[in-house]
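Let's go through this one together, asking of each label what earns it. Have a look at the sequence and the fold, and then we can start.

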Amino acid sequence: MKAARGMVVSMHYTLTDDSGEVLDTSRGREPLSYLHGHSNIIPGLEKALEGTGVGHKSKVTVAPAEGYGEKNPEMIFEAPREHFPPDIKIEAGARVFAEGEHGRITLTVVRLTENGALLDANHPLAGKTLSFDVEITDIRTATDEELTHGHVHGEGGHQH
Ligand code: ZN
């Protein structure tokens, strides 16, 4: 079987950024399963895996435009100290959460300022060139229910 639209693809992956730092890996846990052709994973990786089979190993480099997008400077803004709960410690690199129009969003503290903090609402991986070391471990046909939901059920997928 080949990775194609409507197939459930399982893979081990190790994600590194352009400085070589490992950001995430599935090694040591279950492989990641995704529904091919349903935007479950970033476009650049999905494209690179199209047509591959079980046992396929490759290193895939994904530019920001095909990954989590470029950083949007308008999503970096200053928030005054009183906008934060008084009991939380704010420091550079910390993640804070806010209720946005479309649910909870994650913001990263860029640095502290005189009156509060500079926050970045971009995806933490936005603007980064990403490298994935991937190994396809399984490919199967998706069930009708999975196709309706647009994601994988069971092992390595949604449990519901
Ligand atoms: Zn579902």
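Q: Which residue stands opposite Leu-112 in E8?
A: That is Ala-117. Keep in mind that we are looking at a predicted model.

Q: What makes E7 and E8 a pair of strands?
A: Pairing asks for at least two bridges between two strands. Four bridges join E7 to E8 (residues 116-120), so the pair qualifies. The two strands run antiparallel, and they form a hairpin with three residues between them.

Q: How do you know that E6 and E7 pair, and in which sense?
A: Here six bridges link E6 (residues 95-100) with E7 (residues 103-112), against a requirement of at least two, so these strands count as paired. Their sense is antiparallel. Arg-95 faces Thr-108 in E7, and a hairpin of two residues leads from E6 to E7.

Q: What makes four histidines the donors of the zinc ion?
A: A donor is an N, O or S atom within 2.8 Å of the metal. His-149 offers ND1, while His-151, His-153 and His-160 each offer NE2, and these atoms lie 1.9 to 2.1 Å from the zinc ion. They therefore meet the cut-off. Along the chain, the donors follow the spacing H-x1-H-x1-H-x6-H.

Q: Why is His-149 said to tie parts together with His-160?
A: His-149 lies in helix H2 (residues 144-149) and His-160 in the segment after H2, so the pair connects parts that are eleven residues apart in sequence.

Q: Why is the site of the zinc ion called tetrahedral?
A: Four donors earn that name if all angles lie between 85 and 135 degrees. The angles among the four donor atoms are 98 to 123°, so the site is tetrahedral.

Q: Why is His-149 called partly exposed, and why is His-160 called exposed?
A: Exposed means over 50% relative accessible area, buried means under 20%, and partly exposed is in between. His-149 has 37%, so partly exposed is the right label. His-160 has 65%, so exposed fits.

Q: How do the residues lining the largest pocket divide into nonpolar, polar and charged?
A: Ten are nonpolar, one is polar and one is charged. Asp counts as charged, so Asp-24 is the charged one in the lining. The lining also includes Met-11, Tyr-13, Leu-15 and Phe-132. Strand E1 (residues 7-16) gives the largest share, three residues, and the pocket holds about 170 Å³ of space.

Terms used. Residues numbered from 1 in each chain as written. Predicted model: local features only at pLDDT ≥ 70, side-chain atom pairs only at ≥ 80, totals over all residues. Heavy atoms only, no water. Donors = N, O, S within 2.8 Å, 3.2 Å for Na, K, Ca; no water. Tetrahedral: all angles 85-135°; square planar, octahedral: opposite > 155°, others 65-115°. Buried < 20%, exposed > 50% of the residue type's maximum accessible area, 1.4 Å probe, protein only. 1 Å grid on protein atoms, 1.4 Å probe; cavity = no way out; pocket = protein on both sides within 12 Å on 5 of 7 lines; lining within 4 Å. Points joined across faces, edges and corners; volume = space filled by probe spheres on them.
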